[in-house]
Amino acid sequence: MNSKLESESLGMEPRSVPREAVGVALIEATDITKAFAGVNALHSASLKLSYGQILGVVGENGAGKSTLMKVLAGIHPRGTYTGSFNLEGQECQFASVKEARNAGIVLIPQELSIAPNLSIAENMFAGDLPQTGGFVNETELAARAAKWLEFFEIEVSGFESASVLSPSQQRLAMMAGALSRNAKVLILDEPTASLSEGETVILFQHLRRLSKDKIGIVFISHRLDDIEQVCDQVIIMRNGKIVKSLSREDFNREEIVSSMIGRSLTAIKRSSVTNKSSQEIFSAESVMVHDPIDNARYRVENFSMTTKQGEIVGLFGLVGAGRTEFARAVFGTWPGKVSGEFKVGGNKFVPSSPKHAVKNGIGFLTEDRKQTGIFTGLSLTWNVDSASLKLVSKLGFISQVPDKVRTRNLMEQLDVRAQSSDQNIETLSGGNQQKILLGRWLATSPKLLILDEPTAGVDVGAREEIYQRVEALASSGCSILVISSDLDEISRLCNRTYVISGGRLTGEFENNVSRRDLMAAATKRLRVATN
Amino acid sequence: MSKLSAGFAKFDDHVRRELSTLFGRRALIFVLVFLVLATIFHISSNGIFLTPRNLSLLLRQGAILAIIAGGVALLMINSEIDLSIGSSVFLCGVLAAHLTATWNVPVLLAIVATIVFGMLLGLIQAVWVVVLGIPSFIATLAGLLAFRGIGLSWTNAGTVGPVPPEFIALSEGFIPLPISYTLLVAVLVAGVIFVYLQQKSMRKSRAISKQAQIPKNQAILLFGAKILVIATPLIVLGWIVGGFQGIPMAILWVVIVITLLTILMSKTTFGRNAYLVGASRDAAQYSGIGIRKTVFSGFIIMGALYGVAGVLLTARLGSSTPGAGQFMELDAIAAAVIGGVSLRGGTGSVVGAVMGAFLLTVINNGMSILNVSSFTQLIVKAVILVIALAFDAHILRKASR
């Protein structure tokens, strides 16, 4: 595998590569292995990046892309991984992000941390402001900012507040900040996730310019369109390994997709749940979810779907596709504007707040267990009760006996491994916490239960138990919407699956769909509005 | 020690948990600190501190702080704060003084009017915080300034009074001895019945979910422990009351208010939601809990307590004085924190805050008997607050891990 990789990337030198660089790779990482808690997140991964090369990295969520990049950018410090890593022929392993940055490697994350109240220049050069005697040298700062903003054709003064920049300009400004410190390698994590079509084109033009200036670029993306447009070479990762490397002339979407999901292109296993009555429980029509800051942008566009009684419906999409945005819109927690027609149990439903949604029989198991799920420091009973306290209380007083009994029954059903229902939820493992949160929604007897990445961070055993509970819940008549970017999960659970990409519906499949079709739909970027 | 905890491990999980809350680190340390302080004060004051007369005085001194600390604990559990307490209580006190001394309104009506007025002040702050989204730290800081200013303007920074003796009796009066004793016994009986019912409901819930019952000897032990915890303070109170005139009226107020607050926080959906909102606003929102309603109600309840405290303050002083209630908010927050209520919300209890309030009062009272200057008292209080917080941050957290 290694020798193949090398020959391919060395053969990839048709560009005007500067003399001094010939023969030496910009980055050469060999046999990088990194484990989290004994599980290999990266398994002997090797890659090579030459001067001026734009290297695409693709793979499913959890394939190890980010881990590899974090190793390169010093976020995972030396000693926490094994393998060798050379920058311009010199062995170097970084102890910190700062060290990596000084050496010339900068990672620009998917979610930028822009301080909107600071000026553009301050954001660009944060941590490295030009100083004279302890004070910020404003003249120098302005000159530097002007130079790099001009380079990226951003016609805004560096002293304006960063909030005037569009998302793509923000990304360019962060790249400019990195380049001003003589960055040699830019690692871009999902740079196009929040960009419009036009902005993407502009970003790509700039990337090509940088590549002519012999900057090496690593481009992580879920979107194969992006990869095809801009990358010279693509590596495909799966389960912590680099399974394939293709150069531009060999790009083949079929091959990329099948490498991403593994060799088995078998049809999806038919889910055991067959209790599909015809009664519609939930429907959404022409849903538009606006960006909370820029109302003219859409996070979800013209999305329609239905779920029936006893049906488990999948909503498959990659990170940033608009899945969670849709769920939050239904549940009433999306901060931006939402339009469209919703029906629950045949009645019109206007999302306004979680309280309203819960009252109308909707439950939502969120993706972010720590932030929006568990109540830290409180007991299991209290964590289970929070959404359905009314059901175990009379006239505002909690009835102790039914309350305790209900929690205990749920814990038993879900096989929660805990000593007692009075135990602090933080003492449980991730899987058991997730079961408690599922219990919270089971206790509300919902009509529609939305599960957002229900098994993220859950070990394999607990995962299957959660699936079985979800199936039992469906056969009792509840309809379930499973949001997932995990193909195995979708194929294991769902009777029917919608695929969302770039905020739009890109496919609806019965449960005999192939994984390849699902992945193809999820990586498709619709050029023309579907309506 | 290890032998003890090994013996402890054989206990039923529920029994162990209940016993460790009853005799938890915090409660034990409280008792220990009380005993140590009492001994020091008693010896160095030549036997004045531990007399029924002084302790009765101490209870009356601590009553207002206890009530207000209970209220601020409720807000802090919600992850809110109230800095306006001193000014709000002062303003309510001014109103109570005017009602009874200037306008000769009957005492009962004056009490009701003052409490309603306090709720109005709470409502104003609730609107700032909940409707307009101003952080409670700032909104109540504005209250601290404005309510003191209104009160001072209204009275021209003068004294309003004197209030009639029957109004003073609301705080400084005593319940006649026979009735006092009857009340104490009644509370003891009610406590025993409550504990019995609690264990009965425990048995029932275990029977329903087909869990093993608590072994009989352990159940009896738990029962005894709970009775001990209820009876000990009642016996001490009986000794104080018997030695000096009866139950102080101020303490009756404390008992009523704190009992209501405790029931509210531990038995009702409102109280449960307050803890949930305080522990995680986001998770509470995603559970469909009405966060605004919960926080709003919290401020209104706090407002009612301004009224109660205002009545007691004016009654205790015999008139409304311009400096009344100053820094009361800081004492109340300190009491709550010492009593285990976290500024981050979601943990602590009203009873803990009341214990904290009385601990501060013991220190005040003891140092006053010893003629320690009020300046030094401030420093001592500061040191105690910091020690309590440091203790919380390190020792207790380590223990829970």
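This is a short chat about a predicted model with chains A and B.

Colleague: Before we start, what are the ground rules for this model?
Modeller: The model is predicted, so local features need pLDDT of at least 70, side-chain atom pairs count only at pLDDT 80 or more, and totals for chains, interfaces and linings use all residues. Residues are numbered from 1 along each chain as its sequence is written, while chains are lettered from A and ligands numbered from 1 in the order in which they are written.

Colleague: OK, how many residues does each chain put into the contact?
Modeller: Chain A gives 33 residues and chain B gives 27. Two residues are in contact if their C-beta atoms, placed from the backbone, lie within 7 Å.

Colleague: Which helices of chain B supply at least two residues there?
Modeller: On the side of chain B that touches chain A, they are H2 (13–22), H9 (177–208), H12 (269–279) and H13 (281–286). Helices (H or I, at least four residues) and strands (E, at least two) are DSSP runs, numbered from the N terminus. H12(B) gives the most to that side, with six residues.

Colleague: And by class?
Modeller: That side of chain B has nine nonpolar, twelve polar and six charged residues. Ala, Val, Leu, Ile, Met, Phe, Trp, Tyr, Cys and Pro count as nonpolar, Asp, Glu, Lys and Arg as charged, and the others, Gly among them, as polar.

Colleague: Back to H12(B). At what angle does H11(B) pack on it?
Modeller: About 70°, with the axes of H11(B) (residues 249–267) and H12(B) 5 Å apart. That makes the two helices roughly perpendicular, a label for 65 to 115 degrees; under 35 is roughly parallel, over 145 roughly antiparallel and the rest oblique. Axes are lines fitted to C-alpha atoms, for helices over the stretch in contact, and angles run from 0 to 180 degrees between N-to-C directions.

Colleague: Which residues meet?
Modeller: B:Leu264, B:Met265, B:Ser266 and B:Lys267 of H11(B) meet B:Phe270, B:Gly271 and B:Ala274 of H12(B). This contact has four nonpolar, two polar and one charged residues.

Colleague: What span should H11(B) have?
Modeller: Its 19 residues should span 27 Å at 1.5 Å a residue, and its end C-alpha atoms are 27 Å apart, which agrees. The expected span is 1.5 Å times one less than the number of residues.

Colleague: New topic. Is A:Val313 buried or exposed?
Modeller: A:Val313 is buried, with 25 other C-beta atoms within 10 Å. Buried takes 20 or more other C-beta atoms within 10 Å of a residue's own, exposed 12 or fewer, and partly exposed is in between; C-beta atoms are placed from the backbone. A:Val313 lies in strand S15 (residues 312–316) of chain A.

Colleague: What does A:Val313 touch?
Modeller: Not counting residues up to four places away in sequence, its contacts include A:Thr307, A:Ile480 and A:Tyr498.

Colleague: What about phi at A:Ser286?
Modeller: Phi there is near 45°, a positive value in a residue other than glycine. Most residues other than glycine have a negative phi. A:Ser286 sits in strand S13 (residues 280–290) of chain A. A:Ser286 is exposed, with 12 other C-beta atoms within 10 Å.

Colleague: And where is B:Ser79?
Modeller: B:Ser79 is in the loop between H4 (52–77) and H5 (85–102) of chain B. Its phi is near 70°, again positive in a residue other than glycine. B:Ser79 is buried, with 22 other C-beta atoms within 10 Å.
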